[in-house]
Number of protein chains: 2
Amino acid sequence: MRIGDLAARAAVSVRALRYYEEQGLLASTRSVSGQRLYTETAVERVTLIQSLYGAGLSSRTIADLLPCVDAQVSTPESRAVLAAERERIDRQIAELTLTRAKLDAIIEQTSRPHPRCDYVTEPGPARTAPGSGSPAGR
Amino acid sequence: MRIGDLAARAAVSVRALRYYEEQGLLASTRSVSGQRLYTETAVERVTLIQSLYGAGLSSRTIADLLPCVDAQVSTPESRAVLAAERERIDRQIAELTLTRAKLDAIIEQTSRPHPRCDYVTEPGPARTAPGSGSPAGR
DNA sequence: CTAAAACCTGACGCTGACGTCAGAGGCAAA
DNA sequence: TTTGCCTCTGACGTCAGCGTCAGGTTTTAG
């Protein structure tokens, strides 16, 4: 398949694919006239690349790892990198989960009708704040 | 406290704090000589900002939301933004979890001693791959 | 055969969250 | 007072992952 097809199927831009090749992440054969040709497996490859980018890995790191993926072997360095990135992703997930919780708190706080103004704006006989005012209210 | 202290306590750079102020995310009073002064609560504020940046929100979005956080109120727009960002974070966590699984697969694949070459390189009488060769192997 | 669409190789542009440098002033200790 | 660190305001630099334009070839549809 040609670059436009791959771009469509992997949902990325043509420019991105050329960039991936430039970075050594994605190989292609060339037609006689010089056009890039890809196999079916390139689609998965591109989505893997996208995933890794999405997880915050750099082109360089991905370029270092992919050969090991292809060869199905690991070097001590690749194992270290893989472990480190896995940990990074773990921490990232933890952070995001925390941030989501913070956002939830904000959503609650801001959408809950004004905390205690309710009592004030409530119709009926005026009430003093609980704890103050006339002692032994009960 | 002064900017250097806040930077140390929030574990960010001085430059970042000035940038936050420039973006309208972080307020400060000034000393007579013009130095920035912060209260204790600024530490939390900065970590919140960092969290939101970490979750992929832009300065602009954060600047839009923080006033609502401070005022404890929400507008229809802020609610929409909050909900949208929350969803984004959800998706991000899902993606990261998937990517982590992919990484785990890679770690397994590459660190598992070469799939079937073992049998080949194993000393002793050559064995055919399981499933093929002489039937009823056991 | 021809026009449109797709592809090619440079190469510059963009964006956001800062880093960094310059030049000039504060401020606590000895 | 001098030393040394902290802070100030500009303002330019950086980096990565592409976007985009230019100018030219190739492929495809009619």
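**Notebook: chains A and B on DNA strands C and D**

**DNA strand D.** I sorted the residues of the surface near DNA strand D by class and got five nonpolar, eight polar and four charged. For the classes I counted Ala, Val, Leu, Ile, Met, Phe, Trp, Tyr, Cys and Pro as nonpolar, Asp, Glu, Lys and Arg as charged, and the others, Gly among them, as polar. A residue is near a strand if its C-beta atom, placed from the backbone, lies within 6 Å of it. I found 17 residues around DNA strand D, with A:Ser13, A:Ala16, A:Ser59, B:Gly4 and B:Arg36 the closest. Helix H2 (14-22) of chain A and helix H1 (3-10) of chain B each give at least two residues to this surface.

**Ground rules.** I note that this is a predicted model, where local features need pLDDT of at least 70, side-chain atom pairs count only at pLDDT 80 or more, and totals for chains, interfaces and linings use all residues. Residues are numbered from 1 along each chain as its sequence is written, while chains are lettered from A and ligands numbered from 1 in the order in which they are written.

**DNA strand C.** Which residues come nearest to DNA strand C? I listed A:Gly4, A:Arg36, B:Ser13, B:Arg15 and B:Ala16, out of 17 around the strand. Here helix H1 (3-10) of chain A and helix H2 (14-22) of chain B each supply at least two residues. I sorted the surface near DNA strand C into five nonpolar, eight polar and four charged residues.

**Chain A, fold.** I counted six helices and two strands in chain A, in the order α-α-β-β-α-α-α-α. Helices (H or I, at least four residues) and strands (E, at least two) are DSSP runs, numbered from the N terminus. Of the 138 residues in chain A, 20% are buried, that is, with 20 or more other C-beta atoms within 10 Å of their own, all placed from the backbone.

**Record.** I looked up UniProt, where an unreviewed entry lists "domain: HTH merR-type" for residues 1-68 of chain A; such annotations may be inferred rather than shown by experiment. That stretch is 60% helix and 6% strand, and its end C-alpha atoms are 25 Å apart.

**Domains.** The domain assignment, automatic or from a database, splits chain A into domain 1 (1-73) and domain 2 (74-122). I read 32 Å between the C-alpha centres of these two domains. Their contact takes eight residues from domain 1 and nine from domain 2; two residues are in contact if their C-beta atoms, placed from the backbone, lie within 7 Å. On the domain 1 side I had five nonpolar, two polar and one charged.

**Chain A against chain B.** I found 31 residues of chain A in contact with 32 residues of chain B. Helices H3 (41-54), H4 (59-71) and H5 (76-111) of chain A each supply at least two residues to this side, and H5(A) gives the most, with 21 residues. By class, the side of chain A has 14 nonpolar, eleven polar and six charged residues. Of the interface residues of chain A, 100% are also interface residues in chain B, so the copies meet through the same surface.

**Symmetry.** I superposed chain A on chain B with a rotation of 179° and 0.0 Å of shift along its axis (RMSD 0.2 Å). The two copies are therefore related as by a two-fold rotation axis. The fit is by least squares on the C-alpha atoms of residues with pLDDT of at least 70 in both copies. Which residue of chain A comes closest to the rotation axis? I noted A:Ile93, at 2.9 Å (C-alpha).

Methods
Buried ≥ 20, exposed ≤ 12 C-beta atoms within 10 Å, placed from the backbone.
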